[in-house]
Amino acid sequence: MNRFIWKIRQKPPEIKRSGWLLAFLAQSRGLVTPQKLKDFLNPTQAQIEKVKVTDIDRGRERVMRALKNHQKIVVYSDYDADGLCATAIMWETLYDAGASVMPYVPHRIKEGYGMTTSAISEMAKQGVKLIITVDQGVTAREQVKYAKKLGIDVVITDHHVLPKTLPKPVALVHTTEFCGAGVSWRFCWELIKKLNPSYKEKLLSKLELAALATIADLVPLIGGSRAMVKLGLERLAKTRRPGLVALVKSSGIAGSIGTYEIGHILAPRINAMGRIEHGLDSLRLLCAKNRAQADKLATILSKTNSRRQDLTTRAITSAIDMVEEEGRIGIVQDREWHEGIIGLVASRLVETYNRPIIAISLGETFSKGSARSIPGFNIVEAIRSSSQFLVDGGGHPMAAGFTIRTEHIEVFKQNITKYAQKYITDDLLEKQIDIVCALEREDITRQNFELICKFEPFGIGNPQPVFITRGMTVEDIRSVGGENQHLKLQVDGLSAIGFNMGNLRAQLRPGDAVDLVYTMAEDKYALSGQIQLKLKDLAITN
């Protein structure tokens, strides 16, 4: 019955002395010394400042010169949640410093990704002397050259994987350890240390935006990024930013906001505008100064997100039939798919088939592609191996995007399929689940749950610990959800919920012995303090 191959990392000690679970969780994360564990459990701002970011001094000096000479500055954004949060941080900081600065958010459909020469030309006409890119720019070789020709300097702040041939801006402020908003925040921090130290507390409050963006962009929650998210979530819990307050309210979130609420509820609403409308309204929400304006914009974002969900569902339904049973990589394409949702289509198909997926929105002359990968296969390198067929492309090891002439799609598919056959091994395609260790029923306690929570926030690079408990007895079985799609169990006095596992209901009977694979959570619908098991998999062992 089990859906995954179970990989159990460690065997619990015969005698469970105090602190054994803490030691197991630390070892599973490579925290092999007391100091490493202490630093991990107690993230600090110093860890954020410790991350090496290139060219930060040169970038800062150019911005300070622009401020001194009253030069016009444009913050050139990307249209996803990371780029928009990065823009909000950069624009607000510069504006508060007295700069003549405006944000620029490109339109996904009309302008595409990154800087365009037409936008740069318009900025030159308006007397702009400095462009600061956020969350994009490392591939903008020709655009930087064009801007320089028109008398505009460019400072790039970005986190994407660097191409072989780099652009030549005034400064390339870069690290892959942060998201785009993290790089933006760190750059602003170095700027205000020289410019206006009294602004530090205000900039610290903007860590809430950096945390939101880090989670939204699936950046590993380790080192400086983990510190950024941990400290940012603390700020978000007491936020007074009207846009975030309104967005939380319109999203119907009750209680604390963690990585799940951001990744599945807040970030998709911010992203929705850039996907199928214009990201500018999301930026307006993030920077809103009053609740009335924020409430209005939050409603627009929620409605647009509902449309995005509908478009995505329809596209996924048609895409599923296109994925071949065999093969190392899946490539799907359609003329009807909105280019703003193909990344979501690829993500869902990766979850279903556990192989890298490329989804392509076909156009007459040019087509847009979005790719998502599995651990161990660098999708941006795979795409760059076929760069001779592309107009442009870039991204991360786990996610990438590109533009291609439609006439080149077939040869591109053949080329990248050969690449995947060479580099994707059988073990990478195994649908497996990593289990920290086995727990006995008596180990599932409030005390151990609180110990696990010390390792939050969980996410990419710091996954929520998964456990297995064998031989539990099923006491009650129900199907729940609007379409009975979820499985609800009572086992050995504990509540367990298996989302989208309702199809297993018919195979279970009270009295069955089961091995459960799960994470621990607090049961929000039961008495305070009760633990609920969130099922990942199960097997009947009668």
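This briefing walks you through the fold, the core and a few local details of one protein. Keep in mind that the structure is a predicted model. The protein contains 21 helices and 17 strands. Its radius of gyration is 24 Å, which agrees with the value near 24 Å expected for a compact globule of 542 residues.

**Overall shape and packing**

- Along the principal axes, the C-alpha atoms of the protein fill a box of roughly 75 × 55 × 45 Å.
- Of the 542 residues in the protein, 53% are buried.
- Take the contacts between residues at least 6 apart in sequence: 68% of them join residues at least 24 apart.

**The largest nonpolar core**

- In soluble globular proteins, nonpolar side chains tend to be buried together.
- Here, the largest nonpolar core has 76 residues, and the members that touch the most others are Leu-94, Trp-185 and Ile-262.
- Helix α5 (residues 81-96) gives this core its largest share, with nine residues.
- Leaving aside residues up to four places away in sequence, Ile-262 touches Leu-212, Ile-215, Leu-233, Leu-236, Ile-257, Ala-267 and Pro-268.

**Helix α13, wrapped by other helices**

- Helix α13 (residues 242-251) is largely enclosed by the rest of the structure, because seven of its ten residues are buried.
- The buried residues of α13 are Pro-242, Gly-243, Leu-244, Ala-246, Leu-247, Val-248 and Ser-251.
- Their cover includes α11 (207-216), α12 (223-237), α14 (259-276), α15 (280-286) and α16 (291-320).
- After α13 comes Gly-252, which has a positive phi near 75°.

**Strands β5 and β6**

- Strand β6 (residues 171-174) is covered on both faces. On one side Ala-171 and Val-173 are buried, and on the other side Leu-172 and His-174 are buried too.
- Strand β5 (residues 153-158) pairs with β6 in the parallel sense, over four bridges.
- To find a spot where you can see this pairing, look at Thr-157, which stands opposite Val-173 in β6.

**Strand β13 and its partners**

- Strand β13 (residues 467-480) runs parallel to strand β12 (residues 432-438), and two bridges join them. Here Cys-437 has Phe-467 in β13 as its bridge partner.
- With strand β16 (residues 513-522), β13 runs antiparallel, joined by five bridges. Thr-469 is matched with Leu-516 in β16.
- With strand β14 (residues 486-491), β13 pairs in the antiparallel sense over six bridges. One place to look is Arg-478, whose bridge partner in β14 is Lys-488.
- β13 and β14 form a hairpin with five residues between them. In that turn, Gly-481 has a positive phi of about 105°.

**Aromatic rings**

- A pair of aromatic rings is described by the distance of the centres and the angle of the planes.
- The count of aromatic pairs in this model comes to nine.
- Phe-377, Tyr-419 and Tyr-423 are linked into a cluster by ring pairs.
- A ring can also lie beneath a charge: the charged end of Arg-226 sits over the ring of Phe-40, 3.7 Å from its centre.

Terms used. Residues numbered from 1 in each chain as written. Predicted model: local features only at pLDDT ≥ 70, side-chain atom pairs only at ≥ 80, totals over all residues. Heavy atoms only, no water. Buried < 20%, exposed > 50% of the residue type's maximum accessible area, 1.4 Å probe, protein only. Pairing = 2+ DSSP bridges. Core = buried A, V, L, I, M, F, W, Y, C linked by side-chain atoms within 4.5 Å. Contact = heavy atoms within 4.5 Å. Phe/Tyr/Trp six-rings, centres within 6.5 Å; stacked < 30°, edge-to-face > 60°. Lys NZ or Arg CZ within 6 Å of the ring centre and 35° of its normal. Rg over C-alpha atoms; globule rule 2.2 N^0.38 Å.
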